[in-house]
Amino acid sequence: MEGRKLYIIITCPHSGCLSSTGFRTCDSRAGEAGIMLYNLFHKIGIPCSLYLAKDDFGRPILRSEVDLNRKPAKVTKWYRKVQRQIELNNKVGMKSVILDCHSFPDEGKKMMIFRTPGVFDPLMDMFTDLNTSLRGMVELVCGTDDNFITKQATLLNIPSVLLEFNEYESVLSKTELKTACEIIVKHTLSPTILEMKTKEEHKSVCADLHSVF
Ligand SMILES: [Zn+2]
């Protein structure tokens with residue numbers, strides 16, 4: 001199976017934003033990160049799809065209407081499109097990998113990486129590189145089954161990771177975001193990304209990390 005060609009699926013389920021509200025309704029920087037990753041894969045000829053939180057008419061899908069990273073997303077057109085791409089990849093013998101992009105608003109870390117239950121080993125190298133580049137301001141945490149996209153990926157035997165980028169350019173500059181995306185691309189293409197581990201192993205490895213969400 002290791003010889004299978006990779007197909008990268010980038011999801012940004014909370015990237016649907018309303019520009020006019022004074023309060024936070026979305027992951028305002030997740031789309032920027034997703035587009036950057038998409039362009040980097042595209043540039044080096046790696047097949048890739050990007051799923052921003054938009055409907056067929058380009059209107060934002062708001063988290064307040066439907067959270068595309070929770071179970072109710074399963075019946076949405078948006079998730080069905082992701083599903084269709086996975087099925088197509090299986091049909092033609094390509095290996096799907098999912099990068100689920102989010103952003104967060106606090107002033108602390110520059111990035112967070114959520115280990116997907118069932119997939120963790122390749123992320124240690126990704127984390128180390130990112131943390132070195134972003135001067136120790138990256139946190140590695142254990143994701144949970146509440147995160148629908150990564151959970152579904154594991155059920156379908158697809159490696160995935162949930163990536164959180166800081167929303168403030170004053171914390172994570174444009175240059176740092178680009179460097180981070182380049183590191184993510186490099187590690188996503190590493191052969192070890194194909195490794196899948198059992199949930200039990202994930203739990204024991206995550207024992208020293210705190211769970212979030
Ligand atoms: Zn999010």
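Before the model itself, one term: two strands count as paired if DSSP finds at least two bridges between them. With that in hand, here is a case from this structure, which is a predicted model. Phe114 stands opposite Leu162 in S6. Phe114 belongs to S4, residues 111-115, and S4 is joined to S6 by 4 bridges, with the two strands antiparallel. One residue back, Ile113 stands opposite Leu163 in S6.

Now the overall layout. The chain has 213 residues, and 43% of them count as buried. There are 6 helices and 6 strands. Read from the N terminus, the order is β-α-β-α-β-β-α-β-α-β-α-α. Take the contacts between residues at least 6 apart in sequence: 79% of them join residues at least 24 apart.

Next, the sheet. It is open, with 6 strands in the order S2-S1-S3-S6-S4-S5, and its pairing is mixed. Which strands are at the edges? S2 and S5, residues 138-142, each of which pairs on one side only. Averaged over the sheet and ignoring direction, neighbouring strands are turned by 20 degrees against each other.

Going through the pairs: S1 and S3 run parallel and are joined by 6 bridges. Leu6 has Lys95 as its bridge partner in S3. S3 then pairs with S6, also in the parallel sense, over 7 bridges. There, His102 stands opposite Glu164 in S6. The S4 to S6 pair is the antiparallel one I opened with. On its other side, S4 pairs with S5 in the parallel sense over 5 bridges, and Ile113 has Leu140 as its bridge partner in S5.

How much of S4 is buried? 5 of its 5 residues. In a regular strand the side chains alternate between the two faces of the sheet. For S4, both faces are covered: Met111, Ile113 and Arg115 are buried on one side, and Met112 and Phe114 on the other. Note that an arginine, Arg115, is in that buried set. S3 is mostly covered too, with 8 of its 10 residues buried.

On to the helices. H5, residues 174-188, is one of the elements that the buried residues of H1 pack against; the others are S1, S2, S3 and S6. H5 itself lies across S1, S3, S4 and S6, and runs at about 155 degrees to S3.

H1 has 14 residues and spans 20 Å from first C-alpha to last, close to the 20 Å expected at 1.5 Å a residue. Its buried residues are Ala30, Gly31, Glu32, Ala33, Gly34, Met36, Leu37, Tyr38 and Phe41. After H1 comes Gly45, with a positive phi near 80 degrees.

Last, one loop residue. Where is Ser15? In the loop between S1, residues 6-12, and H1, residues 30-43. Is Ser15 buried or exposed? It is buried, because it has 28 C-beta neighbours inside 10 Å, and the cut-off is 20 or more. Leaving out residues up to four places away in sequence, Ser15 touches Cys26, Asp27, Ala30, Gly31, Gly34, Leu52 and Ala53. Ala30, Gly31 and Gly34 are among the buried residues of H1. Ser15 and Pro60 are 45 residues apart along the chain, and their C-alpha atoms are separated by 7.8 Å.

Note on methods
Residues are numbered from 1 along each chain as its sequence is written. This is a predicted model: local features need pLDDT of at least 70, side-chain atom pairs count only at pLDDT 80 or more; totals for chains, interfaces and linings use all residues. A residue is buried if 20 or more other C-beta atoms lie within 10 Å of its own, exposed if 12 or fewer, and partly exposed in between; C-beta atoms are placed from the backbone. Two residues are in contact if their C-beta atoms, placed from the backbone, lie within 7 Å. The expected span of a helix is 1.5 Å times one less than its number of residues. Axes are lines fitted to C-alpha atoms, for helices over the stretch in contact, and angles run from 0 to 180 degrees between N-to-C directions.
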